[in-house]
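Let's walk through this one together, a question at a time. Have the viewer open and follow along as we go.

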Amino acid sequence: MPPDTSPQLHVRPYVAADRPACLALFASNVPRYFAPEELAAFEAFLRAPAGDYVVVEREGEVLACGGCYVREGIGRLSWGLVSRAHHGQSLGRALLAWRLQRLWVDHGVSEVAIDTSQHTAGFFARHGFRVTRQLADGFGPGLDMVAMTLRREDWLAGADGAAAALRPSSSIGPRA
């Protein structure tokens with residue numbers, strides 16, 4: 001098999017100059033994954049991101065963004081977005097791996113939580129997250145809020161291979 005010569009992904013800290021690209025990522029995911037009413041909250045977040053917020057780029061193009069922080073001893077995932085045109089290309093997996101690594105190793109948490117929608121809950125479930133609560137139309141009409149958690153011990157045990165699938169690969173640039 002020939003060596004992989006595809007351009008590598010690079011994860012780096014979000015900077016204010018990334019704002020237009022991140023807003024374009026958001027727009028590409030409305031209305032299926034985000035309600036239009038959520039734009040104002042995302043714009044406010046981008047003005048002063050909480051915790052670690054990063055972008056994933058390839059050859060200088062921002063393809064995804066997302067963050068993580070710790071609240072009351074629990075790791076939280078925030079505003080994870082992948083360009084709709086690039087869904088299914090493992091960018092979400094790379095972004096999740098970076099965020100989990102950051103929370104497990106750098107922040108030492110034992111549990112990570114996320115509030116996501118019914119449209120992305122399956123992605124997180126495949127990586128070991130479990131549903132703890134669901135609220136119909138919690139993000140807007142037709143977008144349920146699905147609360148999910150992942151315990152570090154379950155991740156390390158490789159629930160359904162999730163831990164192995166999310167080990168940071170050499171194709172992901174250095175951590176911020």
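A quick word on terms before we start: a residue is buried under 20% relative accessible area, exposed over 50%, and partly exposed in between. Keep in mind that the model is predicted.

Q: Is Asp106 buried, partly exposed or exposed?
A: Asp106 has a relative accessible area of 34%. Buried means under 20% and exposed means over 50%. Asp106 falls in between, so its class is partly exposed.

Q: Which residue forms a salt bridge with Asp106, and is that residue buried or exposed?
A: The closest N and O atoms of the pair are 3.0 Å apart, and the partner of Asp106 is Arg102. Both residues lie in helix H3 (residues 91–106), four residues apart, about one turn of the helix. Because its relative accessibility is 15%, Arg102 counts as buried.

Q: What is the closest N and O distance in the salt bridge of Arg12 with Asp18?
A: Both ends of this bridge are covered: Arg12 is buried with a relative accessible area of 18%, and Asp18 is buried with 5%. A salt bridge needs a side-chain nitrogen within 4 Å of a carboxyl oxygen. For Arg12 and Asp18, the closest N and O atoms are apart by 2.7 Å.

Q: How many residues apart are Arg12 and Glu57?
A: Arg12 also forms a salt bridge with Glu57, with the closest N and O atoms 3.2 Å apart. This pair links distant parts of the chain, since Arg12 is in strand S1 (residues 9–13) and Glu57 is in strand S2 (residues 52–58). Both Arg12 and Glu57 are buried. Along the sequence, their separation is 45 residues.

Q: How many salt bridges does the structure hold?
A: Some of the charged residues form a network of salt bridges, namely Arg130, Arg151, Glu153 and Asp154. For the structure, the number of salt bridges is nine.

Q: Which element supplies the largest share of the largest nonpolar core?
A: This core has 27 residues, and those with the most contacts inside it are Leu77, Leu100, Val112 and Phe129. Several elements each supply at least two residues, among them S1, S2, strand S3 (61–71), strand S4 (74–82) and strand S5 (111–116). The largest share is eight residues, and it comes from H3.

Q: Which residues does Phe129 touch, not counting those up to four places away in sequence?
A: Phe129 is one of the residues with the most contacts inside the largest core. Its contacts include Leu77, Leu96, Leu100, Val112 and Ile114. The list is completed by Phe124, Met148, Thr149 and Leu150.

Q: How many residues are in the second, separate core?
A: Among the members of this core are Cys22, Leu25, Phe34 and Leu81. The residue count for this second core is 16.

Q: Are the rings of Tyr14 and Tyr53 stacked or edge-to-face?
A: A pair of aromatic rings is described by the distance of the centres and the angle of the planes. Tyr14 lies in the loop between S1 and helix H1 (19–28) and Tyr53 in strand S2, 39 residues apart, and both are buried. Their ring centres are 5.7 Å apart and their planes stand at 75°. Planes over 60 degrees apart count as edge-to-face, so this pair is edge-to-face.

Q: Which residues do ring pairs link into a cluster?
A: The count of aromatic pairs comes to ten. The cluster linked by ring pairs consists of Phe26, Phe34, Phe42 and Trp79.

Q: Which residue in S7 is the bridge partner of Thr116?
A: S7 is mostly covered, with eight of its nine residues buried. S5 and S7 run antiparallel and are joined by six bridges. In S7, Thr116 has as its bridge partner Val146.

Q: Which residue takes a positive phi in the hairpin of S6 and S7?
A: Strand S6 (residues 130–140) pairs with S7 in the antiparallel sense over six bridges, and Arg133 stands opposite Ala147 in S7. The hairpin has two residues between the strands. The residue with a positive phi, near 85°, is Gly142.

Note on methods
Residues are numbered from 1 along each chain as its sequence is written. This is a predicted model: local features need pLDDT of at least 70, side-chain atom pairs count only at pLDDT 80 or more; totals for chains, interfaces and linings use all residues. Side-chain values use heavy atoms; hydrogens and water are left out. Buried means under 20% relative accessible area, exposed over 50%, partly exposed in between (1.4 Å probe, protein chains only). A nonpolar core is a set of buried Ala, Val, Leu, Ile, Met, Phe, Trp, Tyr and Cys residues joined through side-chain atoms within 4.5 Å. Contact means heavy atoms within 4.5 Å. Rings of Phe, Tyr and Trp (its six-membered ring) pair if their centres lie within 6.5 Å; planes under 30 degrees apart count as stacked, over 60 as edge-to-face and the rest as tilted. Two strands pair if DSSP finds at least two bridges between them.
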